[in-house]
Amino acid sequence: MAAGAAAALTFLDQESRVRAGGVGSLQVPAPVTMDSFFFGCELSGHTRSFTFKVEEEDDAEHVLALTMLCLTEGAKDECNVVEVVARNHDHQEIAVPVANLKLSCQPMLSLDDFQLQPPVTFRLKSGSGPVRITGRHQIVTISNDLSEEESEEDGSEEEEAELCPVLPAKKLGRRL
């Protein structure tokens with residue numbers, strides 16, 4: 001079973017390189033790496049806003065995927081409105097309330113990987129919290145440098161592509 005899975009993965013890898021034009025002397029697309037890190041912040045009467053931002057000179061693609069907002073220990077039974085300030089498709093800053101939490105009726109809210117592009121600011125518009133915001137910081141990096149291992153793989157694929165075709169076996173005149 002493991003050999004079959006390995007063969008299928010090898011086939012898919014070769015198939016994706018063929019579709020991307022990576023056989024023979026053609027270029028293989030730059031390798032993509034994706035990292036994911038936990039994210040969390042807390043809004044309260046003392047800390048009413050939090051801004052998530054990345055460095056400007058970073059060439060990677062960053063996504064903040066929110067999973068949950070919840071009231072934590074010490075929260076009062078009052079409305080806690082959480083607002084997100086981000087940029088829309090026209091790069092204009094907009095503020096949108098995403099949660100209205102109350103201890104007695106809705107102490108938490110699942111956001112099911114609600115994805116935002118940094119910079120993003122979270123504000124506690126009303127209430128005293130504390131409200132905990134959790135999610136994942138995803139980083140996608142496209143590398144223009146080929147590692148030695150990948151360049152060796154490319155060399156062996158080129159050698160395979162240049163092999164002579166298989167010729168039929170010659171028949172021997174003697175019979176035993």
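A polar contact, as the term is used in this tour, is a pair of N or O atoms within 3.5 Å, and for residues adjacent in sequence it counts only if both atoms are side-chain atoms. With that in mind, and remembering that the model on screen is predicted, select H89 to begin.

**H89 and D90**

The side chain of H89 reaches the side chain of D90 at 3.4 Å, which is a polar contact. If you colour by secondary structure, you will find H89 in the loop that runs between β4 (80-87) and β5 (93-101). Is H89 buried or exposed? Its relative accessible area is 69%, and because the exposed class begins over 50%, H89 counts as exposed.

**The whole chain**

Now zoom out and show the chain as a cartoon, where you can trace two helices and eight strands. Followed from the N terminus, the elements run α-β-β-β-β-β-β-β-β-α, with a helix at the start of that order and another at its end. Of the 176 residues in the chain, 24% are buried. If you switch to a surface view, the chain exposes about 12,900 Å², of which carbon and sulfur atoms supply 54%. Among the contacts between residues at least 6 apart in sequence, 79% join residues at least 24 apart.

**Confidence along the chain**

Before looking at side chains, colour the model by pLDDT, for which the chain has a mean of 77, with 68% of its residues at 70 or more. Select helix α1 (residues 2-19) and then strand β7 (residues 120-126): confidence is lowest in the helix, at a mean of 43, and highest in the strand, at 95. Over residues 1-23 the pLDDT is below 50, and this stretch has 14 contacts in the model beyond near neighbours in sequence. Where pLDDT is low, the predicted coordinates should not be read in detail.

**The aromatic rings**

Next, display the aromatic side chains, among which a search of the whole structure finds three pairs. Select F39 and F50, whose ring centres are 6.0 Å apart and whose planes meet at 50 degrees, so the pair is tilted. Because F39 lies in strand β1 (residues 32-43) and F50 in strand β2 (residues 49-52), this pair ties together parts that are eleven residues apart in sequence. F39 is buried, with a relative accessible area of 9%, whereas F50, at 30%, is partly exposed.

Keep F39 selected and add F52, with which F39 forms an edge-to-face pair, 5.4 Å from centre to centre and with 75 degrees between the planes. F52 also lies in strand β2, so its pairing with F39 in strand β1 ties together parts that are 13 residues apart in sequence. At 10% relative accessibility, F52 counts as buried. To see the wider group, add F122 to the selection, since ring pairs link F39, F50, F52 and F122 into a cluster.

**The cysteines**

Finally, select the cysteines. How many disulfides does the structure hold? There are zero disulfides, and C79 offers a place to check the spacing: the closest cysteine sulfur to its own is in C105, at 7.0 Å, which is too far for a bond, because a disulfide needs the two sulfur atoms within 2.5 Å. C79 is partly exposed, with a relative accessible area of 39%, while C70, the last residue to select, is buried at 19%.

Terms used:
Residues numbered from 1 in each chain as written. Predicted model: local features only at pLDDT ≥ 70, side-chain atom pairs only at ≥ 80, totals over all residues. Heavy atoms only, no water. Buried < 20%, exposed > 50% of the residue type's maximum accessible area, 1.4 Å probe, protein only. Helix = DSSP H or I, 4+ residues; strand = E, 2+ residues; numbered from the N terminus. Polar contact = N/O pair within 3.5 Å; in protein donor to acceptor, adjacent residues only side chain to side chain. Contact = heavy atoms within 4.5 Å. Areas by Shrake-Rupley, 256 points an atom, 1.4 Å probe, with all protein chains shown as cover. pLDDT = per-residue confidence, 0-100. Phe/Tyr/Trp six-rings, centres within 6.5 Å; stacked < 30°, edge-to-face > 60°.
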